[in-house]
Amino acid sequence: MAKEGVKKRGWVKNAIIIFLIIMLLLTFFSNTIMNYSLPEVAAQYTQPGTITTKVRSSATVEANQRFEIFVDETRVIKSVNVKNGDAIEAGQTIFVLEDTESNELATAQRTLDELNLAYEKALLSIADPSYAQENQTIKELKEDLNEAISQRDKISGRKEALDSAKKAVKSAQKTVDNLSANLETLQQDLSDASDDSKYINELYAITAAESALSAAEQRRDAIQQEVSSSETSDNEILQLERNLESLQLELQYLQKDFQNAQMAQNNASSLYANYMQLKGNADAAKTTLDALMFSGTASEAEIAAATANYESLSAAADAAYSEYNSLNSSAGDITSLQHQIDKMNIQIRQVREDLDIARLKTGSSSSLKAQLESVKYEVENCKTQLQNAKNNLQTVKNQSISNIRTQIDTTNAQLKAANQSLADARDKQTEAESENALTIEQANEQIKTIQRNLQDQYIALAEKQDSDDLKLKLEELYLDAQRAEIEKQEKIIADIKSKTSETEIKAKYAGIINSISTVAGDSTTPGTPMGTIDVIEKGYTATFPVTIEQAKMIRVDDKAEIENMWYTNAEAKVTAIKNDPANPGKGKILEITVTGDVTVGQQLYFSIGERGIQYDTVVPNSAVREDNNGKFILIVESRNSPLGTRYVASRVDVEVKASDDNFSAVTGNLYGYEFVITTSNKPVQAGELVRLPE
Amino acid sequence: MKIKKTFKYVNLALMMFIAIMFAALFLFPTIFTITNSFMSTSELASNYGKVFETLTGNKTYVQETTNFKLIPDMVSFSQYTTVLIKSPDYLLKFWNSVILVVPIVIFQLLVAVFASYGFTRVRGRLKEMIFFAYIILMLMPYQVTLVPNYLVSQWLGILDTRMAIILPGVFSPFAVFILTKYMRRIPIGIIEAAKLDGAGEWGIFSKICFQLSKSTLYSVAILVFIDYWNMAEQPLILLADSQLHPLSVFLAQINQGEVGLAFAVATIYMIPTILMFLYGEEYLIEGITYSGGIKG
């Protein structure tokens, strides 16, 4: 542990020593390094001095008077007789123009033609206004108003029509219900007609035939038993024969009656079907008639026609029904007739049997055998009758079913017609309800709306008429203005024609051609100079701008030195100091008169002013610096430190009062003995350390 | 048993965690200073512009909020270059600190070792009264004695000179107190044994007390060094000339001047203190915890 402590102390001690040595070396060399990195500056003290300001500038020599050549019309130049720099005499021809009409005249003539055309067009375009559309709209609104008023008046009638429509619907519904009930009944009858138990008479005949057959068979059996024995009586036989004859006669009458009754029944069925059809048609006609009557919109002719139709159909139906009734009553006895016929047949059979027995009794065994044969024959007849009864049952059953089906078809047709009538009645009811939707208040509101619209239309029409009147007046004014334009244009043309110039352009003054801006073939532009002449006899001038401060140093009649001319007799003198329009309030224009051997356009460098002004603080121009905050100078301030004297650049804001080529007079927070930095080998900022040259 | 063990480990882990948190908390300013010393001036301005906004030199900073950063965007030695090479003022201030602190440490120890021997060997009420006065003086904050110090310095004519700081530092009671306390623990038997062997006062002082007090001397030297290396009030009050100010004052003023150098200056400022502590760490701990004893 102690060893480690010693070791640790050893390296710490070394570290301390190294650290101190490094700090010592850095301290020893730091000043050198820092000074080496500092910018070296040259400085001098501020001092009073004189600033001799001269105003220097260059200017171009111009002639005192310059004459411009131009024409007042557009003409084509035929030839140019001079060039720049030529000396000319007064009256000398400079330009020769083409002998043609000028563009201005042609343009003015075209303008006049256009104005005339426009005037003619304006005269033709004036038309009388039409108000057909507005009148039509007003007419339609009036019709709508009348319609609305009549609709309002009809509102009460529509209520009754609605009630009638409702009643018609009710009646049609009742008809439909009745027909539906009838149809159900017929359906039930149809199912009943299929049941054999409903045909009592026929079943009775079958039963009777079966009984007869059974009796005949029994007799047959009995006779067969009695074949061996025979015993008859003549009187009995005679009586029995008489009975038999009467019964047979009676039977014939009954059978005849029965046939008649059957025929009548068949006719009655067809008559009934006819009756039902006629009745259905009559009901449909009734429904139609009701609908027409209750609708309120049907005409009387329609109603009369419907009524006639209905009455005719009703009468036909009634007739058919009475005919059916009479036939049906005659066919009503058919059942009793059948019973009687059957009874008669039984009686006849019985008598026959007795007769046969009687004959058999009196006869011999051969007669019994003959009876037996007869009974056998009778048995066969009974069987035939049984079969006939069964066939009759079937026939009656089929006929009954057929009748019922016919009735069902008829009823269906009637029901369909009744449904259609019901639908029509409902439609009429709906229509009546919709027509009734409109109340008196709504109708009045509609009428008011239409009246307002009508009023608006009247107002619009009046406004349009006023507007059209105004438009007409404006068009008349426009025509007057156009007429005035035409007259004016005619005057212009006359004026142009009077001013048409000659073909030669001559110089008014003697001088030197300063500039020619056109060539042969060019067109002249009115008001634009075609060339300029410098009038020599008026002398030369040069002008240049100066600041107000500079202008203060110059007086009129000051001599101006021409700096770039030697061995010349040219002289210059300030003749005027004017305000500079391009820089009002901040600058002046110096006007210098130049005499001697100079030419127009020559560039001369003038130097004016020899006065010097004394200033308290004058510094070299290189000491004056400028940034966004203005002009300033940097002064050197010394500070003592243990490491030696330090020099710091400090900023002092100044204002430059005057300056010449080398020095500037400044004012600011200066005491007069500042050490001003003039130059440096590196850029220097205020607050930075600097070093002075050794 | 298992639960006890688990509880013990959990307890240990919790303690460690709390200790680490506190350690991090205390170390954070130091680490922060060192890492930020490797940032360039522009990066410092963008991070701490608002904090160091100044009214001099028309300086403006890019960012309005402060952004604490530990890792530089680009490691730059520009701060150290500027401080150590391009800024002789800093080095001047460093040597000012050395010139002030080294004499104070040396002469304070010299005065303290003799004074503590005297307080140990001499008996009497007067000695107790003087020692008591020493203790009272040591307990007083510097601000209490500031005005008397200033007046005495002015009277002595040493105001605005380094002696105005060195002289009061040399006669500071702190080292006397520590050394006296230590020397009183030296067993009387050793001293009597030396007396019996014919040693005089100087012999006892030089051969016994001084030798035995070496570790305490080292620890006191370190403590005094640290104390006077960080002094700021005395130079501010007693030295009007800023060229004589030590590094501690320069460091306090740098926030109003070259902000970009603050962290580098602070890091370099820490180095002597750390080296001194590392050098005398053992003595420091030993000197504080010595329990004395006679062997054999």
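Two residues are in contact here if their C-beta atoms, placed from the backbone, lie within 7 Å. The exercises below apply to a predicted model.

**Exercise 1. Describe the surroundings of Val556(A), and decide whether Val556(A) is buried or exposed.**

Solution. Begin with the position along the chain: Val556(A) is found in the loop between helix H10 (548-552) and strand E11 (559-562) of chain A. Next, list the contacts; once neighbours within four places in sequence are left aside, Val556(A) is in contact with Val574(A), Thr575(A), Ala576(A) and Ile577(A). For one of these partners a distance can be given, since the C-alpha atoms of Val556(A) and Ile577(A) are separated by 7.0 Å, although the two residues are 21 residues apart along the chain. Finally, count neighbours: a residue is exposed if 12 or fewer other C-beta atoms lie within 10 Å of its own, and Val556(A), with 11 C-beta neighbours inside 10 Å, therefore counts as exposed.

**Exercise 2. Work out which strands of chain A pair with strand E13 (residues 587-595), and in what sense.**

Solution. Take strand E10 (residues 531-547) of chain A as the starting point; eight bridges join E10(A) to E13(A), and the two run antiparallel. Within E13(A), Val594(A) is the residue that stands opposite Tyr540(A). Then turn to strand E12 (residues 571-579) of chain A, which pairs with E13(A) over eight bridges, also in the antiparallel sense. Here Asn579(A) stands opposite Lys588(A) of E13(A). For the wider setting, chain A contains ten helices and 21 strands, and buried residues make up 22% of its 694 residues.

**Exercise 3. Characterise the largest nonpolar core and the elements that build it.**

Solution. The core has 39 residues, and those that touch the most other members are Leu179(B), Val220(B), Ala221(B), Val224(B) and Phe225(B). Two or more residues each come from helix H4 (88-121), helix H7 (163-170), helix H8 (173-184), helix H10 (201-212), helix H11 (214-229) and helix H14 (262-289) of chain B. Of the contributors, H11(B) gives the most, with ten residues. To see the packing around one member, follow Val224(B), which touches Ile104(B), Val105(B), Gln108(B), Phe174(B) and Ala175(B) when residues up to four places away in sequence are not counted. Apart from this core lies another, of 32 residues, which includes Leu271(A), Ala282(A), Leu313(A) and Ala417(A).

**Exercise 4. Test the length of H8(B) against expectation, and explain why H8(B) is largely enclosed by the rest of the structure.**

Solution. First the length: at 1.5 Å a residue, the twelve residues of H8(B) should span 16 Å, and the end C-alpha atoms are 16 Å apart, which agrees. Second the burial: nine of the twelve residues are buried, so H8(B) is largely enclosed by the rest of the structure. The buried residues are Pro173(B), Ala175(B), Val176(B), Phe177(B), Ile178(B), Leu179(B), Thr180(B), Tyr182(B) and Met183(B). Third the cover, which includes H4, helix H5 (125-139), H10 and H11 of chain B. All of this sits in a chain whose secondary structure comes to 14 helices and zero strands.

**Exercise 5. Place Leu159(B) and classify its exposure.**

Solution. Leu159(B) belongs to the loop between helix H6 (142-156) and H7 of chain B. Not counting residues up to four places away in sequence, Leu159(B) touches Ser153(B), Gln154(B), Ala164(B) and Leu238(B). The C-alpha atoms of Leu159(B) and Ala240(B) are separated by 8.5 Å, with their positions 81 residues apart along the chain. Because 18 other C-beta atoms lie within 10 Å, Leu159(B) is partly exposed.

**Exercise 6. Describe the interface between the chains, and state the confidence scores that go with the model.**

Solution. Counting first, 19 residues of chain A are in contact with 15 residues of chain B. On the side of chain A, the largest share, 15 residues, comes from helix H1 (residues 2-37). By class, that side has ten nonpolar, seven polar and two charged residues. The scores to read alongside are ipTM 0.73 and pTM 0.43. Chain B averages a pLDDT of 85, and 89% of its residues score at least 70, but over residues 291-296 of chain B the pLDDT is below 50.

Methods
Residues numbered from 1 in each chain as written. Chains lettered and ligands numbered in written order. Predicted model: local features only at pLDDT ≥ 70, side-chain atom pairs only at ≥ 80, totals over all residues. Helix = DSSP H or I, 4+ residues; strand = E, 2+ residues; numbered from the N terminus. Nonpolar A, V, L, I, M, F, W, Y, C, P; charged D, E, K, R; others polar. Core = buried A, V, L, I, M, F, W, Y, C linked by C-beta atoms within 7 Å. Buried ≥ 20, exposed ≤ 12 C-beta atoms within 10 Å, placed from the backbone. Expected span 1.5 Å × (residues − 1). Pairing = 2+ DSSP bridges. pLDDT = per-residue confidence, 0-100.
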